[in-house]
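Hi,

Here is the structure I said I would pass on. Have a look at it first, and then read my notes below.

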Amino acid sequence: MAHAKTSYVCLPCRASYKQPYDTGRQRTCPRCAQPLIHVGSAFAAPRRRDTAAWRTLSVLLHAGVRFHKSCCGGPGYRPRTLSEVRERVTYARRSGEPFARALVRYEVP
């Protein structure tokens with residue numbers, strides 16, 4: 001039985017690849033040979049020319065946020081714009097909440 005595929009991303013190339021998940025193997029980008037980042041099976045890549053969306057994605061990935069499916073469906077809320085990221089980061093700094101948790105908040109109090 002074949003394993004389900006999951007998404008891997010290369011941020012410098014702004015490319016996404018669906019490949020079988022394997023914990024013992026480091027995936028590399030076929031374009032630049034940099035290591036790929038495992039983002040999860042519920043990931044939908046932005047268009048390559050949408051630089052703002054890729055910057056937002058970069059912030060999320062560097063904070064440790066991934067796109068794995070939960071028991072009830074998709075990965076939950078993820079910010080789509082840099083302004084949404086900025087307001088959540090500001091909230092995290094003021095409240096002391098970890099960045100990763102603040103970034104996946106649906107609403108900022």
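Here's something to start with: which residue takes a positive phi just after helix 2? Look at G96, where phi is about 85 degrees. Before going further, please keep in mind that this is a predicted model.

Now the overall picture. The chain has three helices and three strands, and along the sequence they come in the order β-β-β-α-α-α. The C-alpha trace spans about 45 × 30 × 25 Å along its principal axes. Of the 109 residues in the chain, 33% are buried. If you take the contacts with a separation of 6 or more, 45% of them involve residues 24 or more positions apart.

On the outside, the chain exposes about 7300 Å², with carbon and sulfur atoms supplying 50% of that area. There are 20 positive and 6 negative charges, and the mean positions of the two groups are 9 Å apart.

Next, the inside. In soluble globular proteins, nonpolar side chains tend to be buried together. Here the largest nonpolar core has 13 residues, and V9, L57 and F67 have the most contacts inside it. Helix 1 (51-62) and helix 2 (82-95) each supply at least two residues of this core. Helix 1 gives the largest share, four residues. There is also a second, separate core of seven residues, with C13, Y17, C29 and L36 among them.

V9 is a good residue to click on. You'll find V9 in strand 1, and it counts as buried because its relative accessibility is 0%, under the 20% cut-off. Leaving out residues up to four places away in sequence, V9 touches A15, S16, L36, I37, V39, F43, W54 and L57. One of these, L36, is 27 residues from V9 along the chain, yet their C-alpha atoms are separated by 5.4 Å.

Then there is helix 1. Does its length come out as expected or not? With twelve residues at 1.5 Å each, helix 1 should span 16 Å, and its end C-alpha atoms are 16 Å apart, so the two values agree. (If you try this by hand, the expected span is 1.5 Å times one less than the number of residues.) The buried residues of helix 1 are A53, W54, T56, L57, S58, L60 and L61. What do they pack against? Their partners are strand 1 (5-10), strand 2 (15-20), strand 3 (37-40), helix 2 and helix 3 (99-103). Just after helix 1 comes G64, with a positive phi of about 95 degrees.

Helix 2 can be read in a similar way. It has 14 residues and reaches 20 Å from its first C-alpha to its last, close to the 20 Å expected at 1.5 Å a residue. L82, V85, R88, V89, Y91 and A92 are its buried residues, and they pack against helix 1 and helix 3. Note that an arginine, R88, is listed among the buried ones. R86, on the other hand, is also in helix 2 but counts as exposed, because its relative accessibility is 52% and the cut-off is over 50%. R86 and L103 are 17 residues apart in sequence, and their C-alpha atoms are 9.2 Å apart in space.

Finally, back to phi. Most residues other than glycine have a negative phi. With that in mind, have a look at two loop residues. R14, in the loop between strand 1 and strand 2, has a positive phi of about 55 degrees although it is not a glycine. A33, in the loop between strand 2 and strand 3, also has a positive phi, near 65 degrees, and is a residue other than glycine. Are they buried or exposed? R14 is partly exposed, since its relative accessible area is 28%. A33 counts as exposed, with a relative accessibility of 57%.

If you have time for a few stops only, I'd begin with V9, which is in strand 1, and then go to R14, in the loop between strand 1 and strand 2.

Cheers

Definitions and conventions: Residues numbered from 1 in each chain as written. Predicted model: local features only at pLDDT ≥ 70, side-chain atom pairs only at ≥ 80, totals over all residues. Heavy atoms only, no water. Core = buried A, V, L, I, M, F, W, Y, C linked by side-chain atoms within 4.5 Å. Buried < 20%, exposed > 50% of the residue type's maximum accessible area, 1.4 Å probe, protein only. Contact = heavy atoms within 4.5 Å. Areas by Shrake-Rupley, 256 points an atom, 1.4 Å probe, with all protein chains shown as cover. Lys, Arg positive; Asp, Glu negative; His and termini not counted. Charge placed at Lys NZ, Arg CZ, Asp CG, Glu CD.
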